[in-house]
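Biologist: Could you take me on a close look at the cavities, and at what lines them?

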Amino acid sequence: MELANVKTREAAFEQLEGYSFERKAELDQNRSRTPLVKSYLLEDPECADDQEFLQAIRQAGHEIYRIDDTLFKIKDRATKRYVGLVERLIPRHPVIYSHEEARFMDGWVHRLVNATTHLDRLWISGHAFERLLEWNFENKQPRRFGRLVFQHTSVFETDSPLDQSIESDGEGEAVLSDADEYVPERRTTRFTMVDRLEVLQAKLPKMRTLYAPLHVIAQLRFPANGSTGGHDFYFNGKATNRSSSFADHRAHVKFVLETYRNTIAKTEADAWQHEETAFNLTGAAVRLRFSEPLLQDTFEKFITATFQRRQNRFGLWGDPIVLGHSKVHVYALDRHLWQQLFIEITPQQMIVLIPRGTCGNSIHRLVTNVQQYLDPAVNVWIGDRPYSEYVNVQHGVTP
Amino acid sequence: MTPEQLVRDPLYQINAILWMLTPSSGTSIEPVLYRAGYTVHQIEAELRLPLRLASALRDAGIAASSNVSPDLLLKGHEKEYLIVECKATMFGDGDDRSQRQARSLLLQVPIVLGDCLSLQPGAVAKTHLLYLTAHDSNHDQLAGLAKLDGQLKKAKFSTTNHGLLKLRVTGSRVVIDSSGLPPALQRVAGWRTRSPRVGG
């Protein structure tokens, strides 16, 4: 696929449509040799105007060229290659579409996001995926195949010493290798289920009562409309098109983004702390109640690894104030966006207050990471409302 | 083929529209759509209803096609789009394929059509839906479409302008009856067209 000569939106999407069709044909013949179309869903927390958005990309070292009001193409400055298109699909959420290989593009997007505070990934927690899975059950044909990947690593509950892997800033996508590498002794789950939606709907609730990591969906497939295959969404906002249509893929990307946008808006509306009067602070606390109290050792490792290590999976920074052997207060900063969170942590729960202006994405990142690395079955409330209600897909009607 | 059969033939119907879009087609059909500023944007464009809208329809118990491919999608001046669907006969109320398709077409207001075509926001300013069929004086051919429109509006869904062009055989001529057009589409109304003599 060649983007150099693409000058219009129509030409760009026609190329992506044709490319997607050919890749699906190869997949169906079990001879996939060329990369699939991938989308990387991002957040622009400050809703930067066009100039700031373009500047953010350029500051990361790349060239970006406008095609129309909301569509651009990006050239990697190092390789001089056009690596994809970026569309400001809905306000505050640019999406990068690329046909490059995943092992190149995943790292490319990771470095882009890390290079600027103007961009962040989407953070789709197990709770959020749960609601999207329910939507699939309600709206897709029950005989269609769904695909779920569950992923959880209890990095803080381990018999091994506090090891380097805890400090990793990785996003939890690493496939575990049992070759010659050191494999820490801790609970680790990476489990894929592919079955008809009606079977998943019937069996999953019972399976969850037996094994908590099955609460942590890290990848979810939406069956495609009008063809076999589907669209695989990852917890970090990546989506892979495994259908024959780019238009269908884009429609699903937009749907997930709109759901995410609604969730953030509602989270911010309810959870932002602000003063109504000098004596009256409003805004709901975010409470993450662990399904079982953390072991003291786990609690201490979590605090040490998260707030006393420069690189940590939660992306937080702060100086914990110890109020007892099992209570800590932290005036924390989200290290990517440099926004504040005030957190109280005990072995039973975390209580988080977010000041007005802190992006709601910080909460979704926290919930995603707690489910992935600390407690897969954590219960989350914003005020007295379950977090899952905030992820409720709003249907609405045509404006 | 008799003239009455001809005006029901899908190929003839689509060609009639295309001739109306062509400044000099070599036929005696007047290029009324060309003069109104329309060009062909897509033929049998696949329009996928936005997922959120499709969900809302299911929740409301309204059956609509999630993918629909109208025969022609025309583009006019100032971001105006005309969706054209040709039918041998029109339909009544119900949930058959024609009705499900019709509901999806009625829902193609500017923001929805723009989404379906993957256009940038604001790229579609106006939409109209036009059915083309053979004239039948035995019943109100627009009644079924009007009922579907009313059903959608009652459930608080926005719908687009819609109208009906009828191909009527008069002697050896085919005439387009535009009495079923709403005011928004009246500029293509009232034109007589002639096809080459058939039969006899």
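Modeller: Happily; here is a walk through the cavities and their linings.

This is a predicted model, where local features need pLDDT of at least 70, side-chain atom pairs count only at pLDDT 80 or more, and totals for chains, interfaces and linings use all residues. Residues are numbered from 1 along each chain as its sequence is written, chains are lettered from A in the order in which they are written, and side-chain values use heavy atoms, with hydrogens and water left out.

On a 1 Å grid over the protein atoms alone, a cavity is a set of points where a 1.4 Å probe fits but cannot get out, and lining residues have an atom within 4 Å of a point. Searching the whole structure turns up 3 cavities of 30 Å³ or more, a volume being the space filled by probe spheres set on points joined across faces, edges and corners.

The largest cavity holds about 140 Å³ of space. Of its 13 lining residues, A:A251, B:R48, B:P50, B:L51 and B:D115 lie nearest the centre. Two or more lining residues come from each of α7 (246–271) of chain A and α4 (51–59) and α6 (110–116) of chain B; helices here are DSSP runs (H or I, at least four residues), numbered from the N terminus. α7(A) gives the most, with 6 residues.

The second largest cavity has a volume of about 90 Å³. Its lining includes A:W123, A:L132, A:Y260 and A:H364. Here α7(A) again gives the most, with 4 residues, and α4 (126–139) of chain A supplies at least two.

How values were computed: On a 1 Å grid over the protein atoms alone, a cavity is a set of points where a 1.4 Å probe fits but cannot get out, and a pocket is an open set with protein on both sides within 12 Å along at least five of seven lines; lining residues have an atom within 4 Å of a point.
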